[in-house]
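Student: Please take a close look at the surroundings of the ligand in this model. Which parts of the protein line that site?

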Amino acid sequence: MQQWDVIVIGAGAAGLMCAIEAGKRGRKVLILDNGKRVGRKIIMSGGGRCNFTNMYSSPENFLSHNKHFCKSALSRYSQWDFIALVQKHNIAYHEKTLGQLFCDNSAKDIVDMLLTEAKTAGVQIALQQQIQQVSKTEAGFIVDTPDVSRACHSLVVASGGLSLPNLGATAFGFQLAEQFGLNVLPLRAALVPVTWQPADKAVFEEISGVSLPVTVEANGTLFPEDMLFTHRGLSGPAILQISSYWQPGDDITVNLSPETDINEFLTNQQQSHPEQELKTALSKLLPKRLVEKLLDMQLVTNQPLKALHNKTIQNIANSLHSYIFKPNGTEGYRTAEVTLGGVNTNDLSSKTMAAKQHDNLFFIGEVVDVTGWLGGYNFQWAWASGWVAGQYC
Ligand SMILES: Cc1cc2nc3c(=O)[nH]c(=O)nc-3n(C[C@H](O)[C@H](O)[C@H](O)COP(=O)(O)OP(=O)(O)OC[C@H]3O[C@@H](n4cnc5c(N)ncnc54)[C@H](O)[C@@H]3O)c2cc1C
């Protein structure tokens, strides 16, 4: 039987980082992955340029049933540590917006960097592995694949979440957690577009492609970013962000003009251009196709501004500043960037990422109930939790 100090399951962001750190400590490390290549989500992330971290990353940017759990790892391996690694490898990068750092060239630069580090640290990688069984022994664990049984002292589960099943996502990590008595909190697709109710689809699908800056709010959380109308529903960064806070049946309240007070704007326009039509005035604030749709829906009636009463202007402003959508659902794991929920952090040590009941069984990355906002936070969690586990496994 092959003997390893550490077996890491999953050659994604968290698994590679953990294996590198464990290898640097002189541990004999093997990564097992079910895919043909490592870091498949890294490669396709950020539109192929990988939004690898966020300069403003802090624990407030993460969702978890225990919001304190992520603090230790995020402070011990911060965005600045990962940026220093990227700089060490001379990878060109830039800030796109809101502290989000992307590769100038390609996400492959990040994978190549991790593979170089892994090679230097003596990490071995076995791809296309179908793990059939994991069992616990006195000395550690045995991991069985059809061809070989491998023993290890420490087992690290870094098999990610459920999003993009066609990229190799499986429920393996959640099932393994349950096998070893850890609690798995309910799973849900997040950072995902929402879909129309049939009636809204009939109205809004015609304006698919229209995008505008908004603020969106659900369950008391608010994000100011862009929103995109699609054939299926609403998308864009604002909607992806709020999807993590939205629950089926909830409303999403959209401020279609967050920068400009519509009441004040229309009142001023009425004074300066009384003959101007409402449609023309609103088109100075909102995309023309959206304004036309609002007229079609008779949410507003086109007429010269001089004909509008103060009360009517106020009503128009109110409805556009807090337009309510009631999504039918989300597009699910097919397009979601992450899985919300996962291995209950109450069952893990925040210092080591080891299971409290099995101190040589570790869970890191997306399989854990820590989910970041859109904007490089999820990779930062993968790097940080992987780095921490790599110090102890
Ligand atoms: C389209 C897309 C774009 C994204 N863009 C960004 C971005 O720009 N910035 C950001 O911060 N986050 C982004 N994310 C989220 C980010 O990719 C994940 O949060 C991150 O990859 C999680 O890292 P991980 O190592 O935990 O899991 P993963 O990277 O998913 O790695 C898990 C690995 O385990 C393997 N595996 C699964 N099951 C098994 C099994 N049974 N046996 C063996 N191996 C298994 C998988 O094949 C995979 O290689 C994006 C996600 C998607 C889907």
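Tutor: What follows describes the ligand site, then one pair of strands. The model is predicted, and local features need pLDDT of at least 70, side-chain atom pairs count only at pLDDT 80 or more, while totals for chains, interfaces and linings use all residues. Residues are numbered from 1 along each chain as its sequence is written, and side-chain values use heavy atoms, with hydrogens and water left out.

There are 31 residues around the ligand, and Asp33, Asn34, Arg40, Thr170 and Phe379 come nearest (near means a heavy atom within 4 Å). By class, this shell holds 13 nonpolar, 13 polar and 5 charged residues, with Gly counted as polar and Tyr, Cys and Pro as nonpolar. Helix 1 (13–24), helix 2 (40–44) and helix 13 (377–390) each supply at least two shell residues; helix 13 gives the most, with 4. Helices here are DSSP runs of H or I with at least four residues, and strands are runs of E with at least two.

Backbone atoms also approach the ligand as polar contacts (N or O pairs within 3.5 Å). A polar backbone atom of Ala14 is 2.9 Å from a ligand oxygen, and a backbone N or O atom of Asn51 lies 2.9 Å from a ligand nitrogen. For Glu366, a backbone N or O atom is 2.8 Å from a ligand oxygen. The protein covers 93% of the 1000 Å² of accessible area that the ligand has on its own (Shrake-Rupley method, 1.4 Å probe).

Turning to the strands, strand 19 (residues 338–343) is largely enclosed by the rest of the structure, because 6 of its 6 residues are buried (under 20% relative accessible area, 1.4 Å probe, protein chains only). Strand 11 (residues 184–190) runs antiparallel to strand 19 and is joined to it by 5 bridges, where pairing takes at least two DSSP bridges. Leu185 stands opposite Gly342 in strand 19.

Technical notes: A polar contact is a pair of N or O atoms within 3.5 Å; within protein, one must be able to donate a hydrogen and the other to accept it, and residues adjacent in sequence count only if both atoms are side-chain atoms. Buried means under 20% relative accessible area, exposed over 50%, partly exposed in between (1.4 Å probe, protein chains only).
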